Amino acid sequence: MKIIEVSAPATIANLGPGFDIVGLAIENYRDIVRIELTDDESVTLEVVNNTGVAVASKPEENSAVVSALRVMEFAGVKSGFKMKLIKNVPIGIGLGSSGASAAAAAYAMNILLGGKLPMEILVKSAGEGEKVACGSPHLDNVAPSLYGGFTMILDVDKPEIFNIKPSIDFSIVLITPKVNLPSNKTEYARSLLPKMIDLETMVKQTSSLTRLITGIIKGDLKMIGEAISSDYVIEPARSVMIPRFYEVKEAALKAGALGFSLSGAGPSVFALTYPEDAENIRREIIEKFHEYGVESVGIIAKPTPIGARIEQTD
Ligand code: HSE
């Protein structure tokens, strides 16, 4: 096989207190990466951009290309390739867009090279692609893009991943307020975070993370929701990016949302809901933002158990 096309889904990562550790794949958007191995050592990138936002088109600056190159290094192979990236995951709104491209590329390249590398190495490779795009190699987006469902990073360095597919039906109301943020948004959102936290806060945050993971394992939506809403470190620091964040959060919870927080590095916010409540909560959040003079758009997203998958081979 010399040509392969692979897709990988958008993700919501952090899920409140799971900063850089817990993520969830959603089915609404998938990036597609097509790779053809060539006989020379050159690397080319063609981007079909369906997002309306600029994509890094220089190969060395693109998360998908860097991720594919890292897979080749891990596999000990030298080859050129032509990559075509069909960019569908919205960029810069907190849906792990560069991570989805990196995940699809890592998965595709591994299969082209014989499929010998384990998924963890693909996560590591994709994380390095992610670093080129947003300045740090966090793995909480690339892991669910590769595995599907919920993922938890058990060891950041190895890395070691625990993957669990959702056993219950739920919806994610995802709302993106129109706010002006620096173009290096993820770096900016990370720069807002405290470098140190006190012991009391650490214990509260660890307890929330434990609740989140317990809820995911038990398939207990209320528990997951409560945990998502109880982030004592990241949300307080980043909520300054979103006007009236706490008023909107309160309105969403009052309307029946099970949990509410920022999606990824923002500026989207998300609510975990029962499927039957999702549309009402979507309207409520948009109206609340509007009341405060902030325009926003929103969708109802669904989790997907399917991570990176082959779309086509030649
Ligand atoms: N864990 C990352 C963050 C996700 O919150 O900064 C964004 O890519």
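The following exchange asks how the terms used for a ligand site and its two domains are justified.

This is a predicted model, in which local features need pLDDT of at least 70, side-chain atom pairs count only at pLDDT 80 or more, and totals for chains, interfaces and linings use all residues. Residues are numbered from 1 along each chain as its sequence is written, and side-chain values use heavy atoms, with hydrogens and water left out.

Me: What makes the pair formed by D20 and the ligand a polar contact?

Reply: A polar contact is a pair of N or O atoms within 3.5 Å. A polar side-chain atom of D20 lies 2.6 Å from a nitrogen atom of the ligand, so this pair meets the definition. An oxygen atom of the ligand lies 2.9 Å from a polar side-chain atom of N141, and for R238 an N or O atom of the side chain is 2.8 Å from a ligand oxygen atom.

Me: Why are four residues of the shell around the ligand called charged?

Reply: Asp, Glu, Lys and Arg count as charged, and the residues around the ligand (those with a heavy atom within 4 Å of it) include D20, D140, R190 and R238, so these residues carry that label. The shell also holds two nonpolar and four polar residues.

Me: How do you know that domain 1 and domain 2 are in contact?

Reply: Contact means heavy atoms within 4.5 Å. The protein is divided into domain 1 (3–165 + 303–313) and domain 2 (171–301), with bounds from an automatic or database domain assignment. The contact takes 27 residues from domain 1 and 33 residues from domain 2.

How values were computed: Polar contact = N/O pair within 3.5 Å; in protein donor to acceptor, adjacent residues only side chain to side chain.
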